[in-house]
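Reader: I should like a close look at a single part of this model, set in the context of the chain as a whole. Please treat the matter formally and in one connected account.

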Amino acid sequence: MLLNYNIYNKKLETIDFNNVKVINTINPHSYCVANKDLDFKQALENSDILLPDGIGIVWAEKFLNGNSIKKIAGYDLFIFIMNKLNKENGSVFFLGASKETLKKIESKSFHDYPNITLDSYSPPYKAIFSDKDSKSMCDKVNVFNPDVLFVGMTAPKQEKWVHLYKNKLNANTICSIGAVFDFYAGNIERAPKLMINLGLEWLYRSFKSSRLLKRNFISNPKFISEVLISKFKRKQ
């Protein structure tokens, strides 16, 4: 347990998707944001599965609890589920992003995963959705009734929205995967495989985006500091 979060420490193959409703991810930045945003914190705490999407989370689990875990990025989850659904002739719904991005995702999915039935919806671009907005989003999903719902509206908005509406959504499993929509659509390039394997994907993305650079170089020291303080308190 990392600072009161139950971090998933097994392989994706062990997840029972028939009994898992909500899957979220956590990294050092989202951890720091959740410390100031109680609704976001509650959404993460109530995940059925909370994946360690950050080398900092992997380090903290080992340093604090002696647990050797592997980073599982949202993109890893996405590819795993899409391969699984393709074998099972399953269905998936993409909620979030622009219409243009969703068109790219649909086109690529039809080629990569021909056995999957899919649909999508681009919600209004707003910081806060109205009740009417959310009802429309739920209705779009529920009419399609997918095996898996991928939500890509950036954190923490996506996690908080899912937490509020998960019981009104007719989807077996709901995954908040944020930037994965842009990765798969080709809008944003992922880090080279070597950097991913070395745990340096965050650094690559930081230098590709001034916003992420500022975010990570503020959040990462805060996260490390809190982990060290937590370790010190345990020894007292």
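Is Asn 24 buried or exposed, and what is its relative accessible area?

Author: The model is a predicted one. Within it, Asn 24 is buried, because its relative accessible area is 1%, and a residue counts as buried when that value is under 20%. Asn 24 belongs to strand 1, which covers residues 22-26. When neighbours within four places in sequence are set aside, the contacts of Asn 24 are Ala 43, Leu 44, Ser 47, Ile 49, Leu 50, Leu 51, Glu 159 and Ser 176.

Two of these contacts, Ala 43 and Leu 44, have numbers that fall in helix 2, residues 38-45. That helix also holds a salt bridge: Glu 45 pairs with Lys 41, with 3.6 Å between the closest N and O atoms. The two residues are four apart in helix 2, so about one helical turn separates them. In general, an α-helix has 3.6 residues a turn, so residues three or four places apart point the same way. Unlike the buried Asn 24, Glu 45 is partly exposed, since its relative accessible area is 40%.

Further along the chain comes helix 3, residues 55-65, in which Gly 56, Ile 57, Val 58, Ala 60, Glu 61 and Leu 64 are buried. After helix 3 comes Gly 66, with a positive phi near 75°.

The pair in helix 2 belongs to a wider set, as the count of salt bridges comes to five. Another of them joins Asp 133 to Lys 126, the closest N and O atoms being 2.8 Å apart. Here the partners differ in exposure: Asp 133 counts as buried because its relative accessibility is 11%, whereas Lys 126, at 36%, counts as partly exposed. A further salt bridge links the side chains of Asp 139 and Lys 135, with an N to O distance of 2.8 Å. These residues are four apart in helix 6, residues 131-144, and so are separated by about one helical turn. Asp 139 is partly exposed, with a relative accessible area of 34%, while Lys 135 counts as exposed because its value is 53%.

Towards the later part of the numbering, Arg 215 lies in helix 11, residues 210-235. Its relative accessibility is 22%, so Arg 215 counts as partly exposed. Arg 215 and Tyr 165 are 50 residues apart in sequence, and their C-alpha atoms are 28 Å apart in space.

These parts may now be placed in the whole. The chain contains 11 helices and six strands. Its radius of gyration is 18 Å, close to the 18 Å that the globule rule gives for 236 residues, so the chain is as compact as a globular protein of that length. The C-alpha trace spans about 55 × 40 × 35 Å along its principal axes. Asn 24 is buried, and 47% of the 236 residues count as buried. Of the contacts between residues at least 6 apart in sequence, 73% join residues at least 24 apart. The chain exposes about 12500 Å², of which carbon and sulfur atoms supply 53%. Its charged side chains number 34 positive and 23 negative, and the centres of the two sets lie 6 Å apart.

Notes:
Residues are numbered from 1 along each chain as its sequence is written. This is a predicted model: local features need pLDDT of at least 70, side-chain atom pairs count only at pLDDT 80 or more; totals for chains, interfaces and linings use all residues. Side-chain values use heavy atoms; hydrogens and water are left out. Buried means under 20% relative accessible area, exposed over 50%, partly exposed in between (1.4 Å probe, protein chains only). The radius of gyration is taken over C-alpha atoms; the globule rule is 2.2 Å times the number of residues to the power 0.38. Contact means heavy atoms within 4.5 Å. Accessible areas come from the Shrake-Rupley method with a 1.4 Å probe; for residues, only the protein chains shown count as cover. Lys and Arg count as positive and Asp and Glu as negative; His and the chain ends are not counted. The place of a charge is taken as NZ of Lys, CZ of Arg, CG of Asp or CD of Glu. A salt bridge is a side-chain nitrogen of Lys or Arg within 4 Å of a carboxyl oxygen of Asp or Glu.
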